[in-house]
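Biologist: Could you take a close look at one residue for me and then walk outward from there? I'd like a connected picture of its surroundings rather than a list.

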Amino acid sequence: MTDDDGYFGESVAATYDESSAAMFAPGAVEPAVAVLAELAGEGRALELGVGTGRIALPLARRGVGVHGIELSRAMADRLRAKPGGEAVGVTIGDFATARAPGTFSVAYLVFNTIMNLTTQDAQVDCFRNVAAHLEPGGTFVVEVMVPGLRRLPPGQNTVPFHVGTDRLGFDTYDTVTQAMSSHHVRVTEDGRGSFRSIPFRYVWPAELDLMARLAGMRLRERWADWNRAPFTSESESHVSVWEKAVD
Ligand SMILES: C[S@@+](CC[C@H](N)C(=O)[O-])C[C@H]1O[C@@H](n2cnc3c(N)ncnc32)[C@H](O)[C@@H]1O
C-alpha cells in the first residue's frame with residue numbers, strides 16, 4: 001500500500017468487493033441506484049470516494065453520466081478493470097478539495113464515507129467542494145450512520161459490531177473530539193491473525209445540515225434508508241438529500 005492510497009491500498013482493494021459482499025447485493029445496490037438516477041435526471045452524477053464502482057457502475061449502466069473522485073489508485077484501478085469501467089471518469093484526489101471536470105445535477109457520498117474525513121474542517125470543505133460542482137437546484141446525497149453513542153454505557157468508549165470465532169470488530173469513540181476508530185481483528189485457521197484500524201470522525205445529522213447551510217444548500221429529504229423509510233429516533237443510519245439554492 002502506498003501512503004497516497006490512504007486506508008484503501010492494494011491489499012484492501014484486492015479483497016474489497018468480497019469483504020463488502022453484503023453491500024454489493026442487489027437489495028443494497030438497486031434502491032440506491034434508483035434514488036440517484038431519479039435525482040440525476042438528464043444531468044451527470046459525481047461520486048465522492050467512488051471506490052471499485054459498487055454504485056457508479058450500475059448507475060452508469062442506467063444511462064447516467066458518472067464521474068468519481070477517489071484517493072486510492074488501487075481502488076480506481078479495480079473500477080477501471082470491470083466491464084463498463086471505462087465509462088466512469090475518475091479524478092484521483094481528496095474529495096474534500098479535488099475538482100472534477102464539468103458540473104453535476106447530483107453528487108453522492110455513500111457507505112459512511114463522509115466519516116473518512118477525520119476533522120470537522122475537512123467535512124465542511126467537502127460540502128463546499130460539492131456545492132462548487134453542483135448546478136443550481138442540484139442535490140447532494142449522503143448515506144451515513146447515526147453516531148452509536150446510545151450504545152455506550154457510562155465510562156466506556158467501545159462498541160462491538162461483530163463478535164465471532166474468526167473475526168472481531170469494534171468501534172472506539174472519543175466523545176470530546178468526535179474521533180472514532182473501527183478496529184478489525186481476524187484470526188486464520190492456522191492461529192495467525194491480523195489487525196486493522198481505520199480512523200473516522202462521526203458526525204450528527206443536524207451538524208451535516210449546518211455544513212450544508214454553510215455551503216448554500218438546504219435539507220430536502222432525510223430517510224432511514226434508500227427505500228425512503230421514515231427517519232425516526234430509532235434509525236441507526238440515514239440517507240439525506242440537500243439541495244443547492246437556485247439563485
Ligand atoms: C468504504 S469505501 C466506499 C467505496 C464506494 N463508494 C462504495 O460504496 O463501495 C470508501 C472509499 O472512499 C475513498 N476515500 C476515503 N477518503 C477519501 C478522500 N478524502 N478523498 C477521496 N477518496 C476517499 C477510499 O479510498 C475508498 O475507496
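Biologist: Where in the structure is Thr139 placed?

Modeller: Happy to! One thing to keep in mind is that this is a predicted model. Thr139 sits in strand 5. Its relative accessibility is 2%, so Thr139 counts as buried. Apart from neighbours within four places in sequence, Thr139 is in contact with Leu39, Ser105, Val106, Ala107, Leu134, Arg220, Val241, Trp242 and Glu243. For a distant reference point, take Val176: 37 residues separate Thr139 and Val176 in sequence, and their C-alpha atoms are 31 Å apart.

Two of those partners lead us to another buried residue. Ser105 and Val106, which touch Thr139, are also touched by Ala40, along with Val64, when residues up to four places away in sequence are not counted. Ala40 belongs to helix 3, residues 26–40. With a relative accessible area of 3%, Ala40 is buried. Ala40 and Asp247 are 207 residues apart along the chain, and 20 Å separates their C-alpha atoms.

Strand 5 itself, residues 134–145, has a further role in the picture, as it is part of what covers the buried residues of helix 7. The cover also includes helix 6 (120–133), strand 9 (193–201), strand 10 (217–223) and strand 11 (237–244). Helix 7 spans residues 205–214, and its buried residues are Pro205, Glu207, Leu208, Met211 and Ala212. Looking down the axis of helix 7, these buried residues fall within an arc of 160°, so they line one face of the helix. The face turned away from that buried side carries Ala206, Leu210 and Leu214, which are exposed. After helix 7 comes Gly216, with a positive phi near 85°.

Helix 6 gives a residue-level view of this packing. Val124 lies in helix 6. Val124 counts as buried because its relative accessibility is 14%. Not counting residues up to four places away in sequence, Val124 touches Met211 and Leu214. Of these two partners, Met211 is among the buried residues of helix 7, while Leu214 is on the exposed face. The C-alpha atoms of Val124 and Glu207 are separated by 9.8 Å, with their positions 83 residues apart along the chain.

Next, a backbone detail. Most residues other than glycine have a negative phi. Phe111 is not a glycine, yet its phi is positive, about 55°. Phe111 is in the loop between strand 4 (104–109) and helix 6. At 29% relative accessibility, Phe111 counts as partly exposed. Gln178 is another residue other than glycine with a positive phi, near 65°. Gln178 lies in the loop between strand 7 (167–174) and strand 8 (179–187), and at 15% relative accessibility it counts as buried.

Staying with strand 7, Asp174 is found there. Its relative accessible area is 33%, so Asp174 is partly exposed. Leaving aside neighbours within four places in sequence, Asp174 is in contact with Ala179 and Tyr202. Asp174 and Arg201 are 27 residues apart in sequence, with a C-alpha to C-alpha distance of 9.4 Å.

There is also a helix pair to look at elsewhere in the model. Helix 1 (residues 10–19) and helix 5 (residues 73–81) have axes that come within 8 Å and cross at roughly 40°. Helix 1 passes helix 5 in a right-handed crossing. On the side of helix 1, the contact is made by Glu10, Ala13, Ala14 and Tyr16. Helix 5 contributes Ala74, Met75 and Arg78. Sorted by class, the contact between the two helices has 5 nonpolar residues, 2 charged residues and no polar ones.

Finally, a word on annotation. The unreviewed UniProt entry places the feature "domain: Methyltransferase" at residues 46–138. In the model, the end C-alpha atoms of residues 46–138 lie 11 Å apart. The span is 31% helix and 26% strand.

To come back to your starting point, Thr139 is a buried residue in strand 5, and strand 5 is one of the elements covering the buried residues of helix 7.

Definitions and conventions. Residues numbered from 1 in each chain as written. Predicted model: local features only at pLDDT ≥ 70, side-chain atom pairs only at ≥ 80, totals over all residues. Heavy atoms only, no water. Buried < 20%, exposed > 50% of the residue type's maximum accessible area, 1.4 Å probe, protein only. Helix = DSSP H or I, 4+ residues; strand = E, 2+ residues; numbered from the N terminus. Arc of directions from axis to C-beta. Contact = heavy atoms within 4.5 Å. UniProt positions renumbered as here; feature names shortened; annotations may be inferred. Axes fitted to C-alpha atoms, helices over the stretch in contact; angles between N-to-C directions. Left-handed = near helix turned anticlockwise from the far one by under 90°. Nonpolar A, V, L, I, M, F, W, Y, C, P; charged D, E, K, R; others polar.
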